[in-house]
Amino acid sequence: METIGTIGIILGILFIIYLAMKGYSILIIGPIASIIVILTNRLPFFDSLIGTKDSYMTGLAGFIISFFGVFLLGSLLAKYMDQSGAAQSIAETIISKVGTSNPYSILVAIFIITAILTYGGISLFVVVFVLVPLAKPLFKELDIAWNLIGIPIMLGLGTFTMTMLPGTPSVQNVVPTKYLGTTLTAAPLLGIIGTIVAIAFGLWYMKFALKKSIAKGETFSDFNLNIDESQPTHKETPNIILSILPIIVLIAINIIGSAFKVDNIILIGLAVSIILSALIFHKYIPVHKSVINEGAISSVTPMFLTASAIAFGTVVTLAPGFNSIKSLILNIPGNPLISLSVASALFGVITGSASGSLGIVMHAFGKQYVDMGIDPEVIHRVATMSSSIFTVMPHTGFVLTFFALTGLNHKNGFKYLFITNTGSNLLALIVVILASLVL
C-alpha cells in the first residue's frame with residue numbers, strides 16, 4: 001500500500017511540474033495534484049482536501065495567516081518605491097556613477113542596483129519591472145547581447161539577497177523563523193561566507209559569458225524582439241538620499257531587532273519604512289489611495305500561489321507514501337546537513353518556489369533535525385540557501401514573467417538564469433556546509 005502511495009505522490013508531483021510548464025496556475029493544479037495523492041494513498045477524501053484539521057485547506061490558510069503581513073506590507077513598500085520614482089532614482093544614480101562606456105561595468109551596475117533594491121525589501125517582480133526598461137537602451141547603446149540581462153538580475157535578486165545576507169527581509173528568510181524560533185540574522189557568519197562565494201561566482205560567470213558572447217559576434221539586435229521599447233519616466237524623482245532612506249531604515253531595523261530577538265521584527269521594519277515612504281515621497285505621489293490599493297492587490301497573487309504550493313505539500317506529508325520518501329531523505333549518508341539540503345532543494349523543484357519548499361521542509365523535517373542536535377540557526381541558513389538552488393526551472397512564475405517582460409525565451413535566455421542561480425547558490429551552499437563543520 002505504501003509503495004502505491006509513494007507512486008501516487010510522484011505522479012502528483014509530475015502532474016504539477018508538467019502542467020505548470022504548460023502555463024496552468026498552481027491555484028488550479030495544486031488541488032488536483034492533491035486529489036491524486038489523496039486517492040492513491042486512500043486518505044479520507046474531504047477531510048484531507050477541505051477538512052478543518054490537517055488538509056489542503058488548512059495548509060493554505062495556515063501559510064496565509066502566518067505570512068499575510070509580510071506579503072501585504074512588502075507589496076505596499078514596493079509600490080511606494082516604484083510609484084514615487086525612488087527605485088528609478090537609485091538605478092539612474094548608480095548607472096551615472098559607473099558610466100556607460102564599458103559593457104561589463106553596465107552588467108555590474110545592474111547587478112548592484114538589483115541587489116540593493118532586493119535587500120531593501122522590494123519585490124523581485126517590481127525590481128524587474130523597473131530595471132528592464134532602464135537597461136534596454138544601455139544594452140542597445142553598447143550593442144550588448146540582450147539575453148545577457150538575465151545574469152546580473154538573477155545574481156542580484158535570486159542568490160545572496162534572498163537567502164544569505166543577515167537581516168534580509170525576504171519571505172524565504174522569514175519562513176524558518178516561524179518553525180525554529182530563529183531570527184532574520186540566523187548564522188550571520190555562514191550567511192556572509194555564502195554571500196562572498198555567490199558574488200564571486202556570479203561576477204566571474206558574468207565576465208565569462210560576456211566575453212564568449214562578444215567572441216561569437218552576438219549583438220543587441222540578435223535577441224531583441226522590440227517588445228515595449230518605451231521607457232517609463234517620472235517628471236521628477238526623489239534625490240538619492242531620500243530614495244534609499246526607507247531601504248536603509250528597513251535593513252537597520254531588521255538587523256538591530258533581530259539582535260535583540262524582537263518578535264515579528266520584519267513586520268515592524270516594513271511598517272516603519274512604509275510610513276516613512278508615505279511622508280518623504282508625498283510630493284511625488286499624487287494619490288496615496290491608488291498606491292495603497294494597488295499595493296494591497298499586488299500582494300494577493302504571489303501570496304496565494306505560494307500558499308497553494310505549501311497546501312499541496314501539506315497533503316503530501318499526510319500521505320502514508322511520504323514515509324518512504326522521508327526515510328530515504330533522513331537516511332542519506334554523511335552529515336545531516338546534506339540530507340537537509342537535498343530535501344529543501346527537492347521540494348524547491350517540486351513547488352517552483354523557495355518559500356514553498358521551506359514551508360514544507362520546516363513542517364515535515366524541522367523538528368527531526370533539531371532533535372539531532374543541529375543548531376537551529378545553522379538549520380535555518382542551510383535550508384534557506386538550499387531551497388533556492390533549483391527554483392529557476394522552466395515552469396516557475398519568475399522565469400515566465402521575466403521572459404514576457406524582456407521578449408526573451410527559454411531557448412535564448414534560460415541557460416543564463418539557470419547557471420547564475422544554480423551555480424551561485426550551489427557553490428555557496430557547499431562552502432557554507434564545510435564552514436559549519438569547522439566553525
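Q: What makes Leu107, Phe139, Ala209, Leu210, Ser213 and Tyr416 contacts of Leu148?
A: In this predicted model, contact means heavy atoms within 4.5 Å. Leaving aside neighbours within four places in sequence, Leu148 is in contact with these six: Leu107, Phe139, Ala209, Leu210, Ser213 and Tyr416.

Q: Which residues touch the most other members of the largest nonpolar core?
A: Happily, Leu148 turns up again here, together with Phe139, Trp146, Ile149, Phe365 and Phe402. The core has 141 residues, and its largest share, 13 residues, comes from helix H4 (residues 56-83).

Q: Why is Ser277 called buried?
A: Buried means under 20% relative accessible area. Ser277 has a value of 0%, so the word applies.

Q: How do you know that the side chain of Ser277 makes a polar contact with the backbone oxygen of Ser273?
A: The cut-off for such a pair of N or O atoms is within 3.5 Å, and the side chain of Ser277 reaches that oxygen at 2.7 Å. Ser277 itself lies in helix H13 (residues 265-280). Not counting residues up to four places away in sequence, Ser277 also touches Leu77, Tyr80, Pro246 and His282.

Q: Why are Phe322, Ile325 and Ile329 placed on the same side of H15?
A: These three are the residues named as buried in helix H15 (residues 322-330). They cover an arc of only 65 degrees around the axis, which puts them on the same side of H15.

Q: Which helices do the buried residues of H15 pack against?
A: They pack against helix H1 (2-21), helix H14 (288-318), helix H16 (336-351) and helix H17 (354-371).

Methods: Residues are numbered from 1 along each chain as its sequence is written. This is a predicted model: local features need pLDDT of at least 70, side-chain atom pairs count only at pLDDT 80 or more; totals for chains, interfaces and linings use all residues. Side-chain values use heavy atoms; hydrogens and water are left out. Helices (H or I, at least four residues) and strands (E, at least two) are DSSP runs, numbered from the N terminus. Buried means under 20% relative accessible area, exposed over 50%, partly exposed in between (1.4 Å probe, protein chains only). A polar contact is a pair of N or O atoms within 3.5 Å; within protein, one must be able to donate a hydrogen and the other to accept it, and residues adjacent in sequence count only if both atoms are side-chain atoms. A nonpolar core is a set of buried Ala, Val, Leu, Ile, Met, Phe, Trp, Tyr and Cys residues joined through side-chain atoms within 4.5 Å. The arc is that of the directions from the helix axis to the C-beta atoms.
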